[in-house]
Amino acid sequence: MAGQITYRSTRGGSSGLTFEQAVFEGLAPDGGLMVPDKVPDVSKTYKGWSKLSFADLAFEIASLFCSQDEIPHADLREILNRSYKSFTHPEIVPSVKVGDMYIMELFHGPTFAFKDVALQALGNIYEYFLKRNTRRLTVIGATSGDTGSAAIYGLRGKENVECFILFPEGRVSKIQQQQMTSVLDPNVHCVAIKGTFDDCQDIVKALFSELDFKKQYGLGAVNSINWARIMFQITYYFYTYFKLCPQCDGELSFSVPTGNFGDILAGYYAKRMGLPVRHLVCATNSNDILHRFFTSGNYDKQPVEQTCTPSMDIGISSNFERYLFYLFGEDPKKLAEAMEGFKKTGKLGVTPEELQRARQDFLSGVAPEDAIGEAIRSWDQLHGYCLDPHTACGVHAANELRESSGWPQVPRHAMVVLGTAHPAKFNEIVNKALGRPPPMPEGLARVQHAPTRFEVLPNAADSIRAYVEATVAQREGKAGRPCQCWAGLWKSVIGN
């Protein structure tokens with residue numbers, strides 16, 4: 001057990017948790033997020049991983065954060081090998097050179113979005129622990145589009161798991177909604193909330209903060225508030241480095257389309273672990289709370305605008321708290337006070353010295369609506385490569401920083417843009433930009449007109465709590481109301 005990593009809350013209320021406890025905890029009782037008590041330093045050993053397959057590399061990284069006492073190495077290897085069997089590309093996460101950049105294609109999983117990389121593994125981790133301990137898990141997650149379908153595909157049909165996914169009504173793409181609501185497994189429950197993604201996320205956090213309810217129903221998280229999501233995403237930063245720098249003699253920069261700050265936070269952990277990362281570029285859409293922070297030091301909440309990049313239409317980035325924990329010198333008291341102030345006022349600021357340190361960790365750029373369409377068009381015309389609108393934000397930010405960062409002139413260096421979703425998931429937006437739809441993968445084509453099932457409920461934690469209670473009671477054979485919203489299924493049967 002010597003040297004084993006344990007987990008603690010960013011706000012100081014919990015410490016000494018095992019990996020299993022951290023995974024099931026989701027949001028800490030004090031409202032904080034789980035972080036490891038130390039970040040492994042692999043700067044002297046990572047080169048030994050350079051020839052590994054994606055699954056074997058995922059094992060090496062995960063085994064640093066989860067001891068063999070919790071998951072024996074043979075079991076962990078089997079879990080990760082099985083997690084990536086459903087990916088359609090032999091490399092799992094290939095990188096494609098386009099112009100003078102690379103696109104890290106993270107959309108070869110079952111739901112064609114980057115969330116699959118972590119959520120296929122997280123679903124199997126949950127199943128492993130549940131079988132061992134005979135416990136029930138009630139997953140409650142919020143999605144701005146892609147987390148929902150990836151979580152559902154990772155948890156559908158799992159024993160002792162009920163999966164509730166909240167999404168903002170009318171604020172996800174049609175295909176994203178079809179992907180989620182066409183999964184009719186009895187343990188999957190989709191709910192359209194009359195509000196924004198931030199409203200969905202607030203409901204999830206409110207329910208996790210009701211400790212009696214959390215304990216009674218065994219609440220678990222699939223959003224990136226769950227530490228395992230971040231841990232599994234670290235893998236593709238290392239994997240891409242080894243593919244582009246096989247001799248381990250260069251540097252990479254990563255431009256990351258960013259909403260909830262989880263994807264880029266995994267890159268930050270990779271850099272802290274010793275990966276040669278020059279720049280991490282936080283690429284936002286016009287919901288630019290993160291860009292405003294990295295330029296001014298002010299993290300101030302503003303109303304969420306509906307854009308052509310719905311997965312980034314987020315006003316409060318949950319994972320940013322984990323970064324602030326490190327920026328504040330791992331001082332949980334200071335962080336807790338700052339987050340309590342933010343909850344009351346919607347404002348959070350840092351000192352000039354802290355802002356300077358933050359700018360050493362991250363660059364940032366913002367992509368207005370017209371710039372996103374222009375990036376899609378120009379890459380199609382210049383390179384014959386079709387971008388999804390979120391990836392286009394990453395491309396735009398990398399181009400905007402071309403002169404100030406000087407990345408094209410750096411020797412043995414490459415700029416990598418994270419390709420977060422297949423363009424066909426945003427068919428209408430790409431069609432508007434190009435005048436033609438992108439190619440439609442068979443897996444997406446199948447769900448376009450499939451029967452669906454979902455609820456539409458008010459924007460209130462009480463409504464969701466009651467729905468969870470009634471649904472679980474019904475599933476356990478107790479008295480409970482049946483699902484009231486079969487409108488999607490009915491419409492698919494009888495037509496409009």
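Author: Accessible areas here come from the Shrake-Rupley method with a 1.4 Å probe. The structure is a predicted model, and by that method the chain exposes about 18,900 Å².

Reader: What supplies the area that the chain exposes?

Author: Carbon and sulfur atoms supply 49% of it.

Reader: What makes the radius of gyration of the chain agree with that of a compact globule?

Author: The rule for a globule is 2.2 Å times the number of residues to the power 0.38. For 496 residues it gives a value near 23 Å, and the chain has 21 Å, which agrees. Along its principal axes, the C-alpha trace spans about 65 × 60 × 50 Å. The chain contains 21 helices and 13 strands.

Reader: How many of the residues count as buried, and by what cut-off?

Author: A residue is buried when its relative accessible area is under 20%. Buried residues make up 62% of the 496 in the chain.

Reader: What share of the contacts joins residues 24 or more positions apart?

Author: A contact requires heavy atoms within 4.5 Å. Of the contacts in the chain with a separation of 6 or more, 77% are between residues 24 or more positions apart.

Reader: Why is strand S12 called largely enclosed?

Author: Strand S12 covers residues 413–419, and 7 of its 7 residues are buried; it is therefore largely enclosed by the rest of the structure.

Reader: How do you know that both faces of S12 are covered?

Author: In a regular strand, side chains alternate between the two faces of the sheet. On one side of S12 lie His 413, Met 415, Val 417 and Gly 419, and on the other Ala 414, Val 416 and Leu 418; all are buried.

Reader: What makes S4 and S9 partners of S12?

Author: Two strands pair if there are at least two bridges between them. Strand S4 (residues 101–105) has 5 bridges with S12 in the parallel sense, and Ile 103 stands opposite Val 417 of S12. Strand S9 (residues 251–257) is likewise joined to S12 by 5 bridges and runs parallel to it, with Leu 252 opposite Ala 414. Both pairings thus satisfy the definition.

Reader: Why is His 396 counted as buried?

Author: His 396, which is found in helix H16 (residues 389–400), has a relative accessibility of 15%. The cut-off is under 20%, so His 396 counts as buried.

Reader: Which residues beyond its sequence neighbours within four places are in contact with His 396?

Author: They are Val 366, Ala 367, Pro 368 and Ala 371.

How values were computed
Residues numbered from 1 in each chain as written. Predicted model: local features only at pLDDT ≥ 70, side-chain atom pairs only at ≥ 80, totals over all residues. Heavy atoms only, no water. Helix = DSSP H or I, 4+ residues; strand = E, 2+ residues; numbered from the N terminus. Buried < 20%, exposed > 50% of the residue type's maximum accessible area, 1.4 Å probe, protein only.
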